[in-house]
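Here's a walk through a structure, meant to be read with the model open beside you. Have the sequence handy too.

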Amino acid sequence: GKKNEDKTWKKFQSYKGELALPPDVERLRVFVDRKAQTVILPINGFAVPFHINTIKNVSKNDEGDLTYLRINFQTPGQLAGKKEDTPFENPDATFVRSVSFRSPDGARFDNLQKQITDLKKEANKREQQRKQLAD
Amino acid sequence: MSSTQFDNIYHGLDSSVGSERGDRCPPADDIKWAQWLRVARQYQLRVGVKDHQKHHFDGFAREDHDKLVTLLKNYFSVALETKEITFRGWNWGDTDFQANDLAFLVSDRVAFELPLQNVANSNIAGRTEVSLEFSGLTTSKSVKPQGDEMVEIRFHVPGVQTKLKSGSASDN
């Protein structure tokens, strides 16, 4: 491919407006909307979508009766050696780097980790295919 | 007074349901302003009262908007302002301190707000990272938190950083 095309930021968006939010957000739980390629996080009563392109990975750990789920996001300076993948419109902005949740329901957090990881894999695969086609 | 009543309304982040009338509602003449915004549990009515206090009521239906506009205008002489929320799904934007809240804005629209009085601990990790730890985001301790409880959020803040050393800053 041509180098000058690689640096352009490819725009993405989770939802066009509030009417597109899935009704599941009412439960104030982390929710994976596969169709919209989006993970919706309950933050202080808000339903906050994060497109899969913004997500780096997910980690989980158990402490006693509680399970912690941490969603890590893409931020500038992390993509060593992959400069062409910068998914940002504005690298000088403030970024959400990670959000952590706690729940007594470890099995559900297990499942969420798997769903988000699978969604990320699918997104990566599509991106690779897109690049191959562009060559 | 009006006989209008809205059922299945939550006060703040409580998991119990009440009605927007009576004991939980501030006295009529105290209401200074009112806002309407989309939240997880449908729509929120936010009213500002005296001494810069405010109350949040979640669980309104979209159809309640026009009824509330009329009610607030007729009985409280207050306009219902719509607060625009973003659903773009981006993790970059600007932070804005608004009274006791830290708002995260994407393209000038609110993505979420964090109540600073619930920050249990904050930390500057490295030159560009700020973490906020939360405890007890629900308003009352007797009520079990509904849903998943957020315990920490970390921000990458390039502005904190002093000038990068020349050339490569690729790792870390």
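What follows starts with how far to trust the model, then moves to the chain interface and a sheet.

First, the ground rules. This is a predicted model, where local features need pLDDT of at least 70, side-chain atom pairs count only at pLDDT 80 or more, and totals for chains, interfaces and linings use all residues. Residues are numbered from 1 along each chain as its sequence is written, chains are lettered from A and ligands numbered from 1 in the order in which they are written, and side-chain values use heavy atoms, with hydrogens and water left out.

So how confident is the predictor? pLDDT is its confidence in each residue, from 0 to 100. Chain A has a mean of 88, with 86% of its residues at 70 or more. For chain B the mean is 82, and 78% of the residues reach 70 or more. Over residues 161–172 of chain B, pLDDT is below 50, and this stretch has six contacts in the model beyond near neighbours in sequence (a contact being heavy atoms within 4.5 Å). Chain A has its own weak patch: residues 1–6 stay under 50, with two contacts beyond four places in sequence. Where pLDDT is low, the predicted coordinates should not be read in detail. Among the elements of chain B, strand β6 (residues 80–82) has the highest mean pLDDT, 98, and strand β2 (residues 17–18) the lowest, 72. Helices (H or I, at least four residues) and strands (E, at least two) are DSSP runs, numbered from the N terminus.

Now for the place where the chains meet. On the chain B side, 44 residues are in contact with 54 residues of chain A. Together the two chains bury about 4,300 Å², 57% of it on carbon and sulfur atoms; buried area is the accessible area (1.4 Å probe) that two parts lose on being put together, summed over both. In chain B, the residues that lose the most area to chain A are B:Phe87, B:Trp92 and B:Asp148, together 19% of what that side buries.

B:Asp148 turns up again in a salt bridge (a side-chain nitrogen of Lys or Arg within 4 Å of a carboxyl oxygen of Asp or Glu). Its partner is A:Arg108, with the closest N and O atoms 2.4 Å apart. This pair links helix α2 (residues 106–134) of chain A to the loop between β11 (129–134) and β12 of chain B. Another salt bridge joins the side chains of A:Arg97 and B:Glu129, at 2.4 Å from N to O. How many salt bridges cross this interface? The rule finds four between chain B and chain A, while the count over all chains comes to 17.

Close by in sequence to B:Asp148 are two residues touched by A:Arg27 as it reaches B:Gln146 and B:Gly147, leaving aside its neighbours within four places in sequence. A:Arg27 lies in the loop between α1 (3–6) and β1 (31–33) of chain A.

The strands have a part in the interface too. Two bridges join strand β6 (residues 94–103) of chain A to β7 of chain B, and the two run antiparallel. Here A:Thr94 stands opposite B:Gly93. Two strands pair if DSSP finds at least two bridges between them.

Finally, look within chain B. Six strands form an open sheet in the order β2-β1-β5-β4-β3-β6, with mixed pairing. β2 and β6 of chain B are at the edges with a single partner strand each, so one side of each is left without a neighbour in the sheet. Further in, strand β1 (residues 9–11) and strand β5 (residues 54–60) of chain B pair in the antiparallel sense over two bridges, and B:Tyr10 stands opposite B:Asp58 in β5 of chain B.

Terms used:
pLDDT = per-residue confidence, 0-100.
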